[in-house]
Amino acid sequence: MSTSNVGKAVSQDSNSYHHGDLRRALIDASLELFATDSSFSLRALAKHVGVSPTAVYRHFADKTALENAVSARGYSMLLDEFRALSERDSAREQALEFGLCYVNFAQAHPHLFDLMGRYDCTLDEESASISREFFDYLAEHNMRLAPEVDPQVLTWTLWSLVHGVTVLGRGGVLGKAESENYRDMLSHSLALIFR
């Protein structure tokens, strides 16, 4: 789902909510707001959508619950991007493409990416479901890299590696944050792990 499509339940002409799925409209509007500001309030969200603050609280008990729902949507968006990648013959090349996709997602959606790092996959069933789906998809692909290794351990290891490179790169620690630098860093890291 691209950020250009996130506001479908919100009227384009007046920014006010008219009908349909308010919960979805609130999440869509939150994604729009997160594109520029990670510190908006529920009251500001209600104003942006054109509903009362009370209407927001009917769907989300507090900002943590909303942020978790937005994070779940973020993981769903990232999973869609992984699925859109073409299959590679080499498992290592496929892992590299997943890593670069992760980096690109973080660069395209910095506030959302930061929020996703605080995601509580135990908060509700929707969160648990998308978390399982995301992790299982990665584990299934990672099994090709090292079939003798527990796929959960391998997936946590690779995710930690890619996440670390992404965060360090965004923070400037790895030097110039260009896609070739990320490709080289991830490629060398995978070569070290899978000789």
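Colleague: Among contacts between residues at least 6 apart in sequence, how much joins residues at least 24 apart?
Modeller: In this model, which is a predicted one, 64% of the contacts between residues at least 6 apart in sequence join residues at least 24 apart.

Colleague: And what are the secondary structure elements, read along the sequence?
Modeller: The protein has 9 helices and 0 strands, and along the sequence the pattern reads α-α-α-α-α-α-α-α-α.

Colleague: How much of the protein is buried?
Modeller: Buried residues account for 44% of the 195 residues in the protein. The largest nonpolar core has 58 residues, and those with the most contacts inside it are Leu-45, Val-70, Leu-78, Phe-82 and Phe-134.

Colleague: Let's take Leu-45 from that list, then; where is it, and is it buried or exposed?
Modeller: Leu-45 sits in helix α2, and because its relative accessibility is 0%, it counts as buried. Leaving aside residues up to four places away in sequence, Leu-45 touches Leu-26, Ala-29, Ser-30, Leu-33, Phe-40 and Leu-66.

Colleague: How far is Leu-45 from Ile-27?
Modeller: Leu-45 and Ile-27 are 18 residues apart in sequence, and their C-alpha atoms are 9.5 Å apart in space.

Colleague: Ser-30 came up among the neighbours of Leu-45; which helix holds Ser-30, and what does Ser-30 touch?
Modeller: Ser-30 belongs to helix α1, residues 22–34, and it counts as buried because its relative accessibility is 0%. Not counting residues up to four places away in sequence, Ser-30 is in contact with Phe-40, Leu-45, Leu-66 and Val-70.

Colleague: So how do α1 and α2 pack?
Modeller: The axes of α1 and helix α2, residues 42–49, come within 10 Å and cross at roughly 105°, and the two helices are therefore roughly perpendicular to each other. On the α1 side the contact involves Leu-22, Ala-25, Leu-26, Ala-29, Ser-30, Glu-32 and Leu-33, which meet Leu-45, His-48 and Val-49 of α2. By residue class, the contact of α1 with α2 divides into 7 nonpolar, 2 polar and 1 charged.

Colleague: What about α1 with α4, what's the angle there?
Modeller: α1 and α4 pack at an angle of about 80° with their axes 10 Å apart, and they are therefore roughly perpendicular to each other. From α1 the contact takes Arg-23, Arg-24, Ile-27, Asp-28, Ser-30, Leu-31 and Phe-34, and from α4 it takes Leu-66, Ala-69, Val-70, Arg-73 and Met-77. Those residues of the contact of α1 with α4 divide into 7 nonpolar, 1 polar and 4 charged.

Colleague: Val-70 is on both the core list and the α4 side of that contact; which residues does Val-70 touch?
Modeller: With residues up to four places away in sequence set aside, Val-70 touches Ile-27, Ser-30, Leu-31, Phe-34, Leu-112 and Leu-115. Among them, Ile-27, Ser-30, Leu-31 and Phe-34 are also listed on the α1 side of the contact with α4.

Colleague: Staying in α4, is Leu-79 buried or exposed?
Modeller: Leu-79, which lies in helix α4, is buried, with a relative accessible area of 1%. Not counting residues up to four places away in sequence, Leu-79 touches Ile-130, Glu-133, Phe-134 and Tyr-137. Leu-79 and Phe-98 are 19 residues apart in sequence and 9.9 Å apart in space, C-alpha to C-alpha.

Colleague: Switching to α7, how long is it, and which residues are buried there?
Modeller: α7 has 18 residues and reaches 25 Å from its first C-alpha to its last, which is close to the 26 Å expected at 1.5 Å a residue. The buried residues in α7 are Ser-127, Ala-128, Ile-130, Phe-134, Phe-135, Tyr-137, Leu-138, Ala-139, His-141 and Asn-142.

Colleague: What do those buried residues of α7 pack against?
Modeller: They pack against α4 (63–84), α5 (91–108) and α8.

Colleague: And the geometry of α7 with α8, where do the axes cross?
Modeller: The axes of helix α7, residues 125–142, and helix α8, residues 151–170, come within 9 Å and cross at roughly 100°, which makes α7 roughly perpendicular to α8. The contact is made by Phe-134, Phe-135, Leu-138, Ala-139 and Asn-142 of α7 together with Pro-151, Gln-152, Leu-154, Thr-155, Trp-156, Leu-158 and Trp-159 of α8. In the contact of α7 with α8, the residues divide into 9 nonpolar, 3 polar and no charged.

How values were computed: Residues are numbered from 1 along each chain as its sequence is written. This is a predicted model: local features need pLDDT of at least 70, side-chain atom pairs count only at pLDDT 80 or more; totals for chains, interfaces and linings use all residues. Side-chain values use heavy atoms; hydrogens and water are left out. Axes are lines fitted to C-alpha atoms, for helices over the stretch in contact, and angles run from 0 to 180 degrees between N-to-C directions. Helices (H or I, at least four residues) and strands (E, at least two) are DSSP runs, numbered from the N terminus. Angles under 35 degrees count as roughly parallel, over 145 as roughly antiparallel, 65 to 115 as roughly perpendicular and the rest as oblique. Contact means heavy atoms within 4.5 Å. Ala, Val, Leu, Ile, Met, Phe, Trp, Tyr, Cys and Pro count as nonpolar, Asp, Glu, Lys and Arg as charged, and the others, Gly among them, as polar. The expected span of a helix is 1.5 Å times one less than its number of residues. Buried means under 20% relative accessible area, exposed over 50%, partly exposed in between (1.4 Å probe, protein chains only). A nonpolar core is a set of buried Ala, Val, Leu, Ile, Met, Phe, Trp, Tyr and Cys residues joined through side-chain atoms within 4.5 Å.
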